[in-house]
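Colleague: I should be grateful for a close look at a single part of this model. Please give the cut-offs for the terms you use.

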Amino acid sequence: MSTEIPTKKVRVKALIASLIGSSIEYYDYLLYGTVAALVFNKLFFPNFDPTVGLLIALASFGIPYFFRPLGGIIFSHIGDRLGRKKSLVLTLAIMGISTALIGFLPVYESIGAWAPILLVTLRLIQGIAVGGEWGGAVLLAVEYSEKKSRGFAGSIPMMGAAVGMILATATMSLMSLLPDDQFLSWGWRVPFVGSLILVFLGLWIRNGLEETPEFQKAKDEGAVSKLPIVDTFKYHWKEVILTTGAKAIETAPFYIFATFGISYATNNLNMPQGPVLNAITIGTLISLVMIPLMGHLSDRVGRKKVFIAGTLGVIVFSIPYFFLLSKRSILLLTIAVMIGYALWSVITAVLGTMFSEMFRPEVRYTGISVGYQLGAAIFGGTAPLIATSLVATFKGSYLPAAIYLMLLGVISLICVNLMKTISEEEKAKINQIKPKLLQSTIHK
């Protein structure tokens, strides 16, 4: 492949490929979160008190987040060694197969304890696959783009989570129109099995792209790391820690506003499922408009300023969000979700580009994937479980859950404010040791 500057047509194709692929991945992944709050606690974990069953179902949603860093390491190794494209094709195929198999699983009444065991196993495989997907999708967009528009380009794959959530909640809203017995019998399975159609579409588009120019250049120059994970932690360990902390305020609100929001509204406030799912869909539609706009804004004012503004917004809105939900009004719930997702969009729009600008091309896939997925594991998958536990512990009070979200915002603010200084220091250090690095750990 030539390392010439890609044409506009190729850049657009790369953006489309990154968006479609990440959307499919997150549709498959988030579909589980939506169904966990509505179905799995009844069909796969039925021998428990309803609250305990819900907690176990949400735990099955969150535990695989701790396997996402493993997926990030595995597939980023492939991405930094063999190419972004190979890694992205693998992650999408694995995710599609594991999701479809969930749709075919027998329930607890049929096979007993094997039902939750198989469910969690497939969920773990999902976690590994999505762990490698995000970094590749971001780099596909960023490394094909022009420098002056990298903020906008990097925001496009970040729309994948919103698109995936819209597809997941919209299909579940449609299926929830069925009578309860039919929905619990077969209706919930349709979105899982039907996702195979989207997976084949995504694989076809991604196969049509060549390697990104920056990776190809590194490969042509013999600057491909033998062990990207070793080089990442040796020369970029501070960036990994900071990206992990910065991820907290991006990942926790997404799942609290969605997965926990659905659970809290339907189980604690006894609100109807259909309108609640519709509210989530409307909120994520707002994200589709906000994310590219904020990405473009970051090209003008900087990633850091946009990120800080969004984080402060989430901190301020944490208590009002739960207050609006507590009124048991579909209108107020919809407004709360719209505001919440608008603020989340400001943060997520710049996250991918901001992270990618902290690492060299030779270890970029590994660096951004490990930091991002560690943050998702620590602060994302646990968020609905922690929020549910706090509400149960404090007898239905939402205040502890809101304070928890605010504290995560403070952690992220500290990390993002340290990013620029440490990043510049590390880049200077790496420039000094690069000749030695090329001799010892770079494959030629």
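Modeller: The account below concerns helix α3 and its packing partner. The model is predicted, with local features requiring pLDDT of at least 70 and side-chain atom pairs pLDDT 80 or more, while totals for chains, interfaces and linings use all residues. Residues are numbered from 1 along each chain as its sequence is written, and side-chain values use heavy atoms, without hydrogens and water.

Helices here are DSSP runs (H or I, at least four residues), numbered from the N terminus. Helix α3 comprises 14 residues, 68-81, and should span 20 Å at 1.5 Å a residue; its end C-alpha atoms lie 19 Å apart, which agrees. The expected span is 1.5 Å times one less than the number of residues.

Buried residues (under 20% relative accessible area, 1.4 Å probe, protein chains only) of α3 are R68, P69, G71, G72, F75, S76, I78, G79 and D80. Just after α3, G83 adopts a positive phi of about 135°.

Helix α16 (residues 364-380) packs against α3 at an angle of about 170°, with the axes 8 Å apart. The pair is therefore roughly antiparallel, a term for angles over 145 degrees; axes are lines fitted to C-alpha atoms over the stretch in contact, and angles run from 0 to 180 degrees between N-to-C directions. Contact means heavy atoms within 4.5 Å. From α3, the contributors are R68, P69, G72, I73, F75, S76, H77, G79 and D80; from α16, they include R364, Y365, Y372 and L374. By class, this contact has 9 nonpolar, 7 polar and 3 charged residues, where Ala, Val, Leu, Ile, Met, Phe, Trp, Tyr, Cys and Pro count as nonpolar, Asp, Glu, Lys and Arg as charged, and the others, Gly among them, as polar.

Terms used
Helix = DSSP H or I, 4+ residues; strand = E, 2+ residues; numbered from the N terminus. Buried < 20%, exposed > 50% of the residue type's maximum accessible area, 1.4 Å probe, protein only. Parallel < 35°, antiparallel > 145°, perpendicular 65-115°, else oblique.
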